[in-house]
Amino acid sequence: MNNFNYINDISGGLSCIDNLKVAGSREGKYGVAIIVSKNSQAAGVFTSNKVVAAPVNYTRNMIKNGIVSAIFVNSGNANCFTGQQGIDDCEELVNLVSKDLKIPSSEIAIASTGVIGREMPMDIIEKVTYDTLSKLDNTPESSFEAAKAIMTTDTVAKEFAVEISLESGEKVKIGGITKGVGMIAPNMGTMLCFLATDAVIDAKYLQKALKKATDDSFNMIVVDGDESTNDTSLLIANGSSGVEVVDNGKINERFQEGLDYICKVLAKKQVKDGEGATKLIEATVTGAKSLDDARKGAKAIVSSSLFKSAVFGGDPNWGRIAAAVGYAGISMDESLISIELANNEESVFMVKKGNILALDDTPELKKAEEIMTNEKVIVNVNLHLGDYSATAWGCDLTYDYVKINAEYTT
């Protein structure tokens, strides 16, 4: 649930949007999902990695016209570091979908996820593509199958949807699916995320809305600190509700809050399902001199391999939190910092304005040890230097994470 009485969680994922069809299919480790919503306004954010997958380059160029009618996604192969052959394969798959759906190829986006440096197994991908095209529908089941089709090392499919009541009483919906539980440290993009809304909104404003939502959600999660070559987040708006969400050049605040909310929910689903993860970490930094400082501080905590390991072991080693904030490259003063550990029911200060409370055999340390056994560990850090705050999410670092990635291609 959320804190806004005008944003309601609804079921159906992408299928909550009228005039949209979606489907997904798999054959072994290879999957294909297709989303069709003709003549939709479109926006996207992408990886900033300098090793860039062919579908990222392809879609980044095609989306400049602001119109997307279909999105093709494959899992099991990243189509990255594949040279001209990778671009050729993108074009072949786009043309296949274009011919079948009678949609201009210039209106079809493409995304991939999987192993880097391997040529696409086009015979298998094309077979699964035809299977997916035959299943296109607007049902909760079709959205769920699409969410499953884009999974790689994910253990659960991830989808969500909301309905937003505007001040006028009119309503708009946003639905989405996402994947990605490893190689997660997004920077200007997310792993793979596909969102759709029935709102009426021009691509220019859609881009602004997506960028803001991404900065506060997908760009604030860390599983392992490795940024993917394929990070892609796309948002399409087909206007089927007939409800405008831009007035006098301003995006409706409730629409933006709804988009922010769904992105945060999907982002937290990703880190909760992080490779090998057993615990969710939520880190909030307050009292920062700037928003950038707050974001950097919060991400440093959830990125720290030492602290993530401590969370796995249930060790309330607050020194690792302090060290992470200290190397984050932000303004901080150890004589002012407060560090608190919490779960959803209780909390305890380890350090308060530079004074250590959680010494050996203290009630504070005992309480902190109890808190660290929970499936969700909350870290609150107050720098006492300013008025800015930010929250980041991550997961613990476990033996299974090493095992999964030691055997990823073998």
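This report walks through the overall build, one sheet and two helices of a predicted model.

## The chain as a whole

Counting secondary structure, the protein chain comes to eleven helices and 18 strands. Its radius of gyration is 22 Å, close to the 22 Å that the globule rule gives for 410 residues, so the chain is as compact as a globular protein of that length. Along the principal axes, the C-alpha trace spans about 70 × 55 × 35 Å.

As for the inside, 56% of the 410 residues count as buried. If you look at contacts with a separation of 6 or more, 81% of them come from residues 24 or more positions apart.

## A seven-stranded sheet

Seven strands make up an open sheet with mixed pairing, and reading across, the order goes β9-β18-β13-β17-β14-β15-β16. At the edges you'll find β9 (221-222) and β16 (355-356); each has a single partner strand, so one side of each has no neighbour in the sheet.

Take the β16 edge: two bridges tie β16 to β15 (residues 347-352), and the two strands run antiparallel. One bridge pairing there matches K352 with N355 of β16.

Two helices pack on this sheet. Helix α7 (residues 291-303) touches β9, β13 (280-288), β17 (376-382) and β18 (388-395), with its direction at about 20 degrees to that of β18. Helix α9 (residues 318-326) touches β14 (338-342), β15, β16 and β17, and its direction makes about 130 degrees with that of β14.

## Helix α2

Helix α2 covers residues 83-101, and a quick length check works out: at 1.5 Å a residue its 19 residues should span 27 Å, and the end C-alpha atoms sit 28 Å apart, which agrees.

Which residues of α2 are buried? They are G86, D89, C90, L93, V94, L96, V97, S98 and L101. These buried residues pack against β3 (30-46), α1 (54-62), β4 (67-77), β5 (108-115) and α3 (122-133). Right after α2 comes K102, whose phi is positive, near 60 degrees.

## Helix α5

The same kind of check works for helix α5 (residues 203-215): its 13 residues should span 18 Å at 1.5 Å a residue, and the end C-alpha atoms are 18 Å apart, which agrees.

At the start of α5, a side-chain oxygen of D202 comes within 3.0 Å of the backbone nitrogen of K204. The buried residues in α5 include A203, Y205, L206 and A209, and L210, A213, T214 and D215 are buried too.

Conventions: Residues numbered from 1 in each chain as written. Predicted model: local features only at pLDDT ≥ 70, side-chain atom pairs only at ≥ 80, totals over all residues. Heavy atoms only, no water. Pairing = 2+ DSSP bridges. Helix = DSSP H or I, 4+ residues; strand = E, 2+ residues; numbered from the N terminus. Contact = heavy atoms within 4.5 Å. Axes fitted to C-alpha atoms, helices over the stretch in contact; angles between N-to-C directions. Expected span 1.5 Å × (residues − 1). Buried < 20%, exposed > 50% of the residue type's maximum accessible area, 1.4 Å probe, protein only. Polar contact = N/O pair within 3.5 Å; in protein donor to acceptor, adjacent residues only side chain to side chain. Rg over C-alpha atoms; globule rule 2.2 N^0.38 Å.
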